[in-house]
Amino acid sequence: VQLQASGGGLVQAGGSLRLSCAASGRTYRGLFMGWFRQAPGKERQFVAGINWTGGGTYYADSVKGRFTIPRDSAKNTDIYLQMNSLKPEDTTLYYCAADRSGYGGNAYYSRFRYEYWGQGTQVTVSS
């Protein structure tokens, strides 16, 4: 499975950005997919996740109410991260991730459970 992330950029505080992640390869088995972010010198942190059916979503407390993780209903191998009301502290690299469990279950927030990672995409929020 390969993951291709895109959509990062520069935005002013209070603005919005939409990241995209497309999965390819052996995706016939439903993937649980998510987004993480990692600042320099810090651990990679969970941001949001979604079941392969799109029926369950999970969010870090720091982004609840501001970010959503829609899944393409036609191509459930594609997910997005809609980021609204962006803050300067949201500035960092964002990574798309996936595993074959299909569902969040326990430890959806742990980077160790994810088998596949995309390249990072930079989000910069200016004050």
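This briefing walks through the sheet, the core, the disulfide, the salt bridges and the aromatic contacts of the structure above. Please keep in mind that the model is predicted. Its largest nonpolar core has 34 residues, and the structure holds 1 disulfide. A search of the whole structure also turns up 6 salt bridges, and there are 9 aromatic pairs.

**The open sheet**

- Let's start with the backbone: 4 strands make an open sheet with antiparallel pairing, in the order E1-E3-E8-E7.
- The edges are taken by E1 and E7, each with a single partner strand, so one side of each has no neighbour in the sheet.
- E1 and E3 run antiparallel and are joined by 5 bridges; here glutamine 2 stands opposite serine 24 in E3.
- E3 is also joined to E8, again antiparallel, by 6 bridges. If you want a landmark for this pairing, alanine 22 has aspartate 78 in E8 as its bridge partner.
- Between E7 and E8 there are 2 bridges in the antiparallel sense, and threonine 68 has glutamine 82 in E8 as its bridge partner.
- E3 shows an alternating pattern of side chains: Leu17, Leu19, Cys21 and Ala23 point to one face and are buried. Arg18, Ser20, Ala22 and Ser24 point to the other face and are not buried.

**The nonpolar core**

- In soluble globular proteins, nonpolar side chains tend to be buried together.
- Which residues have the most contacts inside the largest core? They are Met33, Trp35, Leu81, Met83 and Tyr94.
- Strands E1 (2-6), E3 (17-24), E4, E5 (45-50), E6, E8, E9 and E11 (121-126) each supply at least two residues of this core.

**The disulfide**

- Cysteine 21 and cysteine 96 are joined by a disulfide, with an S to S distance of 1.9 Å.
- The two cysteines come from distant parts of the chain, 75 residues apart: cysteine 21 is in strand E3 and cysteine 96 in strand E9.
- The torsion about their S-S bond is about -75°, so this disulfide is left-handed.
- Buried or exposed? Both cysteine 21 and cysteine 96 are buried.

**Salt bridges**

- Arg37, Arg66 and Asp90 are worth finding in your viewer, as they are linked in a network of salt bridges.
- One link of the network is the salt bridge between the side chains of arginine 37 and aspartate 90, at 2.9 Å from N to O. This pair connects distant parts of the chain, 53 residues apart: arginine 37 sits in strand E4 (residues 32-38), and aspartate 90 in the loop between strand E8 (78-83) and strand E9 (92-99).
- Another link is the salt bridge between the side chains of arginine 66 and aspartate 90, at 2.8 Å from N to O. Arginine 66 lies in the loop between strand E6 (57-59) and strand E7 (67-68), and aspartate 90 in the loop between E8 and E9, so the pair ties together parts that are 24 residues apart in sequence.
- How accessible are these residues? Aspartate 90 is buried at 1% relative accessibility. Arginine 37 is buried with a relative accessible area of 11%, and arginine 66 counts as buried at 11% relative accessibility.
- Outside that network, look at the salt bridge between the side chains of glutamate 115 and arginine 100, at 2.5 Å from N to O. Glutamate 115 and arginine 100 both lie in the loop between E9 and strand E10 (116-117), so the pair ties together parts that are 15 residues apart in sequence.
- Glutamate 115 is partly exposed, with a relative accessible area of 37%, and arginine 100 is partly exposed, with a relative accessible area of 37%.

**Aromatic contacts**

- One aromatic cluster is formed by Phe32, Phe36, Phe46, Tyr58, Tyr108, Tyr109, Tyr114 and Trp117.
- The ring centres of phenylalanine 32 and tyrosine 58 are 5.7 Å apart and the planes are at 65°, so the pair is edge-to-face. Phenylalanine 32 is in strand E4 and tyrosine 58 in strand E6, 26 residues apart, and both are buried.
- Phenylalanine 32 also has the charged end of arginine 113 over its ring, 4.8 Å from the centre.
- A further contact of this kind has the charged end of arginine 44 over the ring of tyrosine 95, 3.7 Å from its centre.

Conventions
Residues numbered from 1 in each chain as written. Predicted model: local features only at pLDDT ≥ 70, side-chain atom pairs only at ≥ 80, totals over all residues. Heavy atoms only, no water. Salt bridge = Lys/Arg side-chain N within 4 Å of Asp/Glu carboxyl O. Buried < 20%, exposed > 50% of the residue type's maximum accessible area, 1.4 Å probe, protein only. Core = buried A, V, L, I, M, F, W, Y, C linked by side-chain atoms within 4.5 Å. Disulfide = S-S within 2.5 Å. Pairing = 2+ DSSP bridges. Phe/Tyr/Trp six-rings, centres within 6.5 Å; stacked < 30°, edge-to-face > 60°. Lys NZ or Arg CZ within 6 Å of the ring centre and 35° of its normal.
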